[in-house]
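Student: Could you take me through a close look at one part of this structure, and then set that part in its surroundings? I would like a connected account rather than a list.

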Amino acid sequence: MRAAAFAESVEAELFDGFGEVDHKGIKGPRTKYAAKFRSLHFNLKSNAAFRSRISSSSLGPAEIVNMSNEDLLTPELKAMAESVRDRKSTRLNSSHRLYL
């Protein structure tokens, strides 16, 4: 898919998934749309692994738009988050044993 057509497909998915209806019943790019757009824009600029997955056609428009914040992390940040979760889990398990 050509870049412009792909970008249009991503934007259409973004609007469909995150566009919000106003008090007049008109759907538009409001708060949720803007927040998701900023998140995707930031990650496109700063996350080489994310850009690589897009350029290799590993991700389609719907997949890109529906990625969680954790899905958008760089591999290094994902590893760091996993390490923090593991340490937290270990501490919770050991403190739980103290009360048994």
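Tutor: What follows begins with the salt bridges and then moves on to other residues and to the surface.

The model is a predicted one, and every statement below should be read with that in mind. The structure holds three salt bridges, and the part that deserves the close look is the network of salt bridges that links Glu70, Glu82 and Arg85. As a general point, side chains of opposite charge can pair when their charged atoms come close.

Within the network, Glu70 forms a salt bridge with Arg85, and the closest N and O atoms of that pair are 3.1 Å apart. This pair links distant parts of the chain, since Glu70 sits in the loop between helix H4 (61–65) and H5 while Arg85 sits in helix H5, 15 residues apart. Arg85 also meets the side chain of Glu82 in a salt bridge, with an N to O distance of 2.9 Å. Here the two partners both lie in helix H5, three residues apart, which is about one turn of the helix. As to exposure, Glu70 is partly exposed because its relative accessible area is 40%, and a cut-off is useful at this point: partly exposed covers the range between under 20%, which is buried, and over 50%, which is exposed. Arg85, at 36% relative accessibility, therefore counts as partly exposed, and Glu82, at 37%, counts as partly exposed as well.

Helix H5 (residues 75–98) also contains Leu77, a residue that takes part in a surface feature of another kind. Leu77, Met80 and Val84 make a nonpolar surface patch of about 270 Å², and Leu77 itself is partly exposed, because its relative accessible area is 39%.

A further salt bridge joins the side chains of Asp22 and Arg30, at 3.1 Å from N to O. Asp22 has a relative accessible area of 22% and so is partly exposed, and Arg30, at 28% relative accessibility, also counts as partly exposed. Arg30 leads on to Phe15, for these two residues are 15 residues apart in sequence and 9.5 Å apart in space, taken from C-alpha to C-alpha. Phe15 is found in helix H1, and with a relative accessible area of 25% this residue is therefore partly exposed. When residues up to four places away in sequence are not counted, Phe15 touches Lys27, Gly28, Pro29 and Tyr33.

Helix H1 (residues 3–18) also holds Glu13, which brings the account to charge on the surface. Glu8, Glu11, Glu13 and Asp16 gather there in a patch of negative charge, and Glu13, at 31% relative accessibility, counts as partly exposed.

Two polar residues of helix H2 add a view of buried positions. Ser39 has its place in helix H2 (residues 31–46), and at 17% relative accessibility Ser39 counts as buried, because buried means under 20%. Asn43 is found in helix H2 too, and its relative accessible area of 11% is the reason that Asn43 is described as buried. With residues up to four places away in sequence left out, Ser39 touches Asn69 and Leu72, while Asn43, with its neighbours within four places set aside, is in contact with Phe50 and Leu72. Leu72 thus appears among the contacts of both Ser39 and Asn43.

Finally, one backbone detail should be noted in the loop between helix H3 (48–55) and H4, where Ser57 has its place. Ser57 has a positive phi of about 65° although it is not a glycine, and at 62% relative accessibility Ser57 counts as exposed, because exposed means over 50%.

To return to the part chosen for the close look, Arg85 pairs with Glu70 from the loop between helix H4 and H5 and with Glu82 from helix H5, and in this way Glu70, Glu82 and Arg85 are linked in a network of salt bridges.

Notes
Residues are numbered from 1 along each chain as its sequence is written. This is a predicted model: local features need pLDDT of at least 70, side-chain atom pairs count only at pLDDT 80 or more; totals for chains, interfaces and linings use all residues. Side-chain values use heavy atoms; hydrogens and water are left out. Patches are made of residues with over 30% relative accessible area and no salt bridge: like charges are joined within 9 Å, nonpolar side chains (Val, Leu, Ile, Met, Phe, Trp, Tyr) within 5 Å. Accessible areas come from the Shrake-Rupley method with a 1.4 Å probe; for residues, only the protein chains shown count as cover. A salt bridge is a side-chain nitrogen of Lys or Arg within 4 Å of a carboxyl oxygen of Asp or Glu. Lys and Arg count as positive and Asp and Glu as negative; His and the chain ends are not counted. The place of a charge is taken as NZ of Lys, CZ of Arg, CG of Asp or CD of Glu. Helices (H or I, at least four residues) and strands (E, at least two) are DSSP runs, numbered from the N terminus. Buried means under 20% relative accessible area, exposed over 50%, partly exposed in between (1.4 Å probe, protein chains only). Contact means heavy atoms within 4.5 Å.
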